[in-house]
Each structure stands twice: as C-alpha cells, then as structure tokens.
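Hi everyone, thanks for coming. I'd like to walk you through one structure today, so let me put it up on the screen.

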Amino acid sequence: MKVTAICPGSYDPPTNGHVDILSRCVLMYERVVAAVVVNPSKTALFSLDERMDFLRELVPGIEVRSFSGLLVDAATEWSAQVIVKGLRGAADFEYEQQMAHMNRHLTGVDTVFVPSSPELMFVSSSLVKEVSALGGDVSSLVPGIIHDAMKERHVG
Ligand code: PNS
C-alpha cells in the first residue's frame, strides 16, 4: 500500500529539527506532505509563501501545501493515512499525545511519533527566533538559507 504521511507545523522558520524529521519521513513513506498551517491570529516572521518555498528548497522529494482549519480535514483531503510528529522530549509527548488522541477520535487518522535526533532535541523555531533576535548564534541550528533570510529580516 502506498502510504502518505502528513507533517504539519508552523515552520516559522524551518529549523534543522524540521529538516531532520522530514528527511527521515521521505525514507519511510511513499508520499510526504509538509503541511504549513495558516494561522491568522499568530504573527509570523516569514510569510506563508516564504515558509513553503523554504521547505521546497530544503527537503527534496516532499510535497508542500498549506491548510487552515482542522488538520484531520487536510489529511482526509490529501489522502494521508498517517500524521507524523517529531518528539523532542517528554513535554512534547504530553501535548502531542493529547492531539493524537483527538485527531484519531475525529476521523480515525493515526499519529506516528519520530524521535528528534539527539543533537537537535533543544531546537525549536521560537527559541531560534528569540536567541537570534537577541544576538545569539543559531547558524548551526537552521539551514544556511534560513540563517541568511533571518539576517535580512534583522533577526540574525
Ligand atoms: O509547529 P506548530 O505550531 O507546533 O504546529 C502546530 C500544529 C499546526 C500541528 C497544530 O496547531 C494543528 O494541528 N493545527 C491545526 C488545527 C487543528 O487541527 N487543531 C486540533 C488539534 S487536535
């Protein structure tokens, strides 16, 4: 059976942690859809189109789409059988477990958790933005094109 995995997130910006999980998904699933959430109530550093273009450039072999509303509806529309989430640690698990149960309750779609590579367990988009804006070096935590784009946005 040809399995499609959907990997949702804000991806603002994509980090080495995202690239890690998405690249490993490409090895495990026949079709991988990176699903960038449209969230008008959240102010993003990069526009939706920028984030989608970054992902296309960073991870060969994936489809990149955007969605608003429920993730499970996007999964159904794109015929994804599996939601994939990266897990950095116990705090992620607590939250993600609840969402996994809710999503399965809603449509029956299951969630697969992929452990972050150990060297990336502390990396998140929000921390990368905060550290970078305050002058810290995040060059080893995000891909080069993201680092350059953050510098242009004056947060690097
Ligand atoms: O990268 P993020 O911001 O941690 O991603 C969160 C995301 C997009 C995976 C989550 O907020 C989500 O699934 N949003 C879609 C709305 C939805 O389906 N909510 C119910 C979740 S049980």
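**The pocket and its ligand**

Let's start with the space itself: the largest pocket has a volume of about 1300 Å³. Please keep in mind throughout that this is a predicted model.

Who lines this pocket? There are 45 lining residues, and Pro8, Gly9, Ser10, Tyr11 and Glu96 lie nearest the centre of the pocket. If you trace the secondary structure, the elements giving two or more residues to this lining are β1, α1 (16–28), α2 (48–58), α3 (71–77), β4 (82–87), α4 and α5 (125–133). Which of them gives the most? That is α4, with 7 residues. In terms of character, the lining divides into 22 nonpolar, 15 polar and 8 charged residues.

Now for the ligand. Where does the ligand sit? You'll find it in the largest pocket, and the elements that contribute two or more residues to the shell around it are β1 (4–9) and α4 (90–107). Here α4 comes up again: it supplies the largest share of the shell, 3 residues. So much for the elements; let's go down to single residues.

The ligand has 13 residues around it, and those that come nearest are Gly9, Ser10, Gly69, Leu70 and Leu71. Two contacts are worth pointing at on the screen. At Ser10, a polar side-chain atom lies 2.6 Å from an oxygen atom of the ligand. At Leu71, the partner is a polar backbone atom, and an oxygen atom of the ligand is 2.9 Å from it. How much of the ligand is covered? On its own, the ligand has 550 Å² of accessible area, and the protein covers 69% of that. As for the make-up of the shell, I can give you 7 nonpolar, 4 polar and 2 charged residues.

Before I finish, have a look at the backbone in the loop between β1 and α1, where Tyr11 is found. Remember that Tyr11 is among the residues nearest the centre of the largest pocket. As a reminder, most residues other than glycine have a negative phi, and most peptide bonds are trans. Tyr11, although not a glycine, has a positive phi of about 50 degrees. Pro13 also has its place in the loop between β1 and α1, and the peptide bond leading from Asp12 to Pro13 is cis, with omega near -5 degrees.

That's my tour, and I'm happy to take questions.

Terms used:
Residues numbered from 1 in each chain as written. Predicted model: local features only at pLDDT ≥ 70, side-chain atom pairs only at ≥ 80, totals over all residues. Heavy atoms only, no water. Near = heavy atom within 4 Å. Polar contact = N/O pair within 3.5 Å; in protein donor to acceptor, adjacent residues only side chain to side chain. Areas by Shrake-Rupley, 256 points an atom, 1.4 Å probe, with all protein chains shown as cover. 1 Å grid on protein atoms, 1.4 Å probe; cavity = no way out; pocket = protein on both sides within 12 Å on 5 of 7 lines; lining within 4 Å. Sits in = over half its atoms within 2 Å of the grid points. Helix = DSSP H or I, 4+ residues; strand = E, 2+ residues; numbered from the N terminus. Nonpolar A, V, L, I, M, F, W, Y, C, P; charged D, E, K, R; others polar. Points joined across faces, edges and corners; volume = space filled by probe spheres on them.
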